[in-house]
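Here are my notes on this one, as numbered points. Have a look at the model alongside them.

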Amino acid sequence: MAELLPSIKSPEDLQNFNTAQLNQLATEIREVLCNLVATRTAHFASNLGVVELCIALHRTFDFEQDRLIWDTGHQVYPHKLVTGRYDQFNTMRTKGGLMGYPNPNESPYDLFMTGHAGASVSTVMGLASGDYLAGHGDRHAVAVIGDGAFPCGMVFEALNNAKTLKGNLIIILNDNKMSICPRVGGVADYFDRLRMNPFYTGFKHEIVKALNMVPVFGDPTERFLAQLKEGVKAGLHGGMLFEELGVNYIGPIDGHNIPLLRKYLEMVKSQKGPTLLHVVTEKGHGYDPAAEDPVYYHTPPAICKPGEVKEEETKREGSKAYTNYARDAIAAVMRRNEKVTVLTAAMCQGTKMEPLREEFGERFFDTGICESHTVAFAAGQAKAGLRPVVNIYSTFLQRSFDQVFQEVALQDLPVVFTMDRAGITAADGPTHHGMYDVGYMRMFPNMIVMAPGDADELTAMVDFAVEVDHPTAIRYPKTNAENIKRDRAPLELGKAEVFRRGQDGAVICYGAQLAEANKAVEMLAKDGLDITLVNARFVKPFDAETILPILRESPFVVTVEEGALLTGFGSALLEEAADAGVDASHVKRLGIPDVFVQHGDRAEILAELQLDSLGIATVCRELAGVQRKVSSSH
Ligand SMILES: Cc1ncc(C[n+]2csc(CCOP(=O)(O)OP(=O)(O)O)c2C)c(N)n1
Ligand SMILES: CC(=O)[C@@H](O)[C@H](O)COP(=O)(O)O
Ligand SMILES: [Mg+2]
C-alpha cells in the first residue's frame, strides 16, 4: 500500500523527503508499476529502470522553471507519478485516461507529446535557447535519453550544434545496455567501453589520487612526470568523443543510487557549457523477471500471475497477426532468393523477426533506431543488386521521408517497404498510429503502393514486390488477419479485385478493413440492398479502368481505408475522377479525418470512425436513403 505517493501532488512535495523516504518512494513507484501491468499491457521494464533517476531529477531541479524532456517518452510513468498523476494512474493507456507518453494536455511538466525516439536533445536545446533569449538564462534544460535512442542521427546533429548554445544544456545518457532488443552498433560498443572506465569500476579514484601526488612544476624530471600525468589522465578520461565535440562528459555513475545521483546532478547543474552525464541503469530493475528478460518485459501483456507469462507469450506468438504473415512471407522469399535482405530499425521484436535474425545471419540487418539511414542503406543495397525489404512501422518510416524520395524513388530502385502498424495502433496513441503512409508513398513517381485485403493477400504482395523492378510499399495494421473466402483473383499490378457487383451502391475498400466491408455488404444484402464490393489492392497505380465505371454506375460510393483521409485512397479516387471528368459528388470517404486520433481500444476507435462493419453499413444505409429520396423527388 503506497504511503508517500498519494500525498505527492507536485515534485515540490519531494523536497523535504530524506534519503530513506526517497528510497521508500522508489519502492512504492515500482509497486504501482507492477500493479499496472497486472491489469494491462504497458511499457514496463524501461520505467522500472528510471525510478531513482526520475526521483533524483525532480529532487535536484525545479521543473516548473527548468526544462525536462524524456526522450521517446515510454519511460515517463514514474515522472507522471511524481508530478501529480497518481490518482489517475489506473486509467493509463485507456480511452480518455492518461497517455502512455508525455502529454502537455495532462501536465505542465510534460513539455512535448512524444513517442518517436531521438528528438530530446534538439528540443531541450531549443528550450534553453528560448529561455536564454527571454532573459531566463538561469534555467536548466535536461534531456534524458536512452542508449537505444542515442544513435539516432538527429542526436548527433544536436551534439554538433551544442557547443554554440547559450543556455544550460544537460544530457543524461540512461545506459541500460538495451534498446527494445539488445542495442547494436558502434555507439553501443563505445558505451560498453565507457562502462569499463575505472571511474565506474571504482579504480579511477585510486589512480587519480596517486597521480595527484606527482608534482606538476619544477625540474625537467617533474615536467616529464607532469606530461605523463596528463597523458594518463587523458587515457583515463572517458567520453572523449563528447569532449571533442565540446560537450563535457561525466560518468558513468550508478543510476540506482539516489544520493549519488543527486550529488552528480548537483555537479552538472553547476557546470558551464553543455554536459553529458552517463548514468548506468538496469532495464527492469527491481522486478527480477523483467531484469532477466527485458525484451519480453519491454511491453508485456497483462501479467496476471508471473507463472502465466510465458503462456501468454505463446498465445501472442500463435495468433495470426498480419505481422506474422509478413514475417513468414519475407522468410519464404529469403529462402527462395539469396538476393533478398531484410532490414529493421531496432524493431526486431515488434516485427517478430527474431527467427529471421537467427536464420539469415548476414542477410538480416538491425540498424538501430536509425530509420533514415536504414532506407538510404537499403537503396545502396538495391543499387548493388540486392532485393532489400525494409520492415519498419508506418509511423517510424516518417523519419525517412526524404530518403524514400531521393535515395529510393528518384533512383527507381527496387526497395520493398513492408509498413507494419499502418492504421490504428490503439493504446500507444497519436504518436504511433500509422496514418500517413498512403500519402507519403503515393506522391512519389515510380512507387507501387498497395495494401492487402486479407492474410493471404499480404503473402502474395510480398512475393510480388520482390520481383518488381521498382520501389514498392505494402501497408498492414496491428491486428489479426482474416482470410476472406472467395474465388481469389490473382494479384496483378495496378488491378483491383471486384468481389461482387450490385446496383444499389458500391463500397471500395483499400486494405485490411475489407473483412469488415464484406460483413457490411452481407448485412446490407439482408436489408435488400445489393452493393458492389471492390478490394482495391493498389492505390498506385490506381485502377481507373475498374473503378471509374463503378463510380459512374453506382448511386453512391463509399471508400474505406484505415488511414488519413487527406492524401489517402479516397482522395486518390477523387483526383482520378476529377482528372477523367467523372462526377464524384456521390462519394463518401471513410477513414481518419484531419485530427490526431487519441489512444484507446482499437475496435472502439474503428467503430467511432465508422470503419467497422456496423459503421460502414450505417453509412451505406444513409446514402441509400438519400438516393431513394433524391430519385423519388424527380
Ligand atoms: C523513431 C523511433 N523508432 C523506433 C521506436 C521504437 N522504440 C521505442 S523504445 C525503443 C527502444 C529505446 O531504447 P532506449 O532509448 O535505450 O530506452 P530503454 O527502453 O532502454 O529505456 C524503440 C526502438 C521509436 N519509438 N521511435
Ligand atoms: C515506445 C515504442 O515506441 C514502442 O515500445 C512501441 O510502443 C511498440 O509498439 P508495439 O507494442 O506495437 O510493438
Ligand atoms: Mg536503453
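1. Which residues of α6 are buried? Keep in mind that this is a predicted model. In α6 the buried positions are V155, A158, L159 and A162. They span an arc of only 100° around the axis, so they sit on the same side of α6.

2. Now turn the helix over. On the face of α6 that points away from its buried side you'll find E157 and N160, both exposed. As for what the buried side touches, the buried residues of α6 pack against α5 (120–133), β2, β3 and α11 (240–244).

3. Next, the metal. The magnesium ion (ligand 3) takes its protein donors from D147 (OD), N176 (OD1) and M178 (O), which lie 2.1 Å from the ion. Along the sequence, these donor residues follow the spacing D-x28-N-x1-M. D147 belongs to the loop between β2 (140–146) and α6 (153–162), while M178 belongs to the loop between β3 (168–175) and α7 (186–195), so this pair ties together parts that are 31 residues apart in sequence. Both D147 and M178 are buried.

4. For the overall picture, the protein has 26 helices and 17 strands. Of its 634 residues, 57% are buried. Taking contacts with a separation of 6 or more, 75% come from residues 24 or more positions apart.

5. Last, the surface. The accessible surface of the protein is about 25700 Å², and carbon and sulfur atoms account for 54% of that surface.

Terms used
Residues are numbered from 1 along each chain as its sequence is written. Chains are lettered from A and ligands numbered from 1 in the order in which they are written. This is a predicted model: local features need pLDDT of at least 70, side-chain atom pairs count only at pLDDT 80 or more; totals for chains, interfaces and linings use all residues. Side-chain values use heavy atoms; hydrogens and water are left out. Donors are N, O and S atoms within 2.8 Å of the metal (3.2 Å for Na, K and Ca); water is not among the atoms, so sites may look incomplete. Helices (H or I, at least four residues) and strands (E, at least two) are DSSP runs, numbered from the N terminus. Buried means under 20% relative accessible area, exposed over 50%, partly exposed in between (1.4 Å probe, protein chains only). The arc is that of the directions from the helix axis to the C-beta atoms. Contact means heavy atoms within 4.5 Å. Accessible areas come from the Shrake-Rupley method with a 1.4 Å probe; for residues, only the protein chains shown count as cover.
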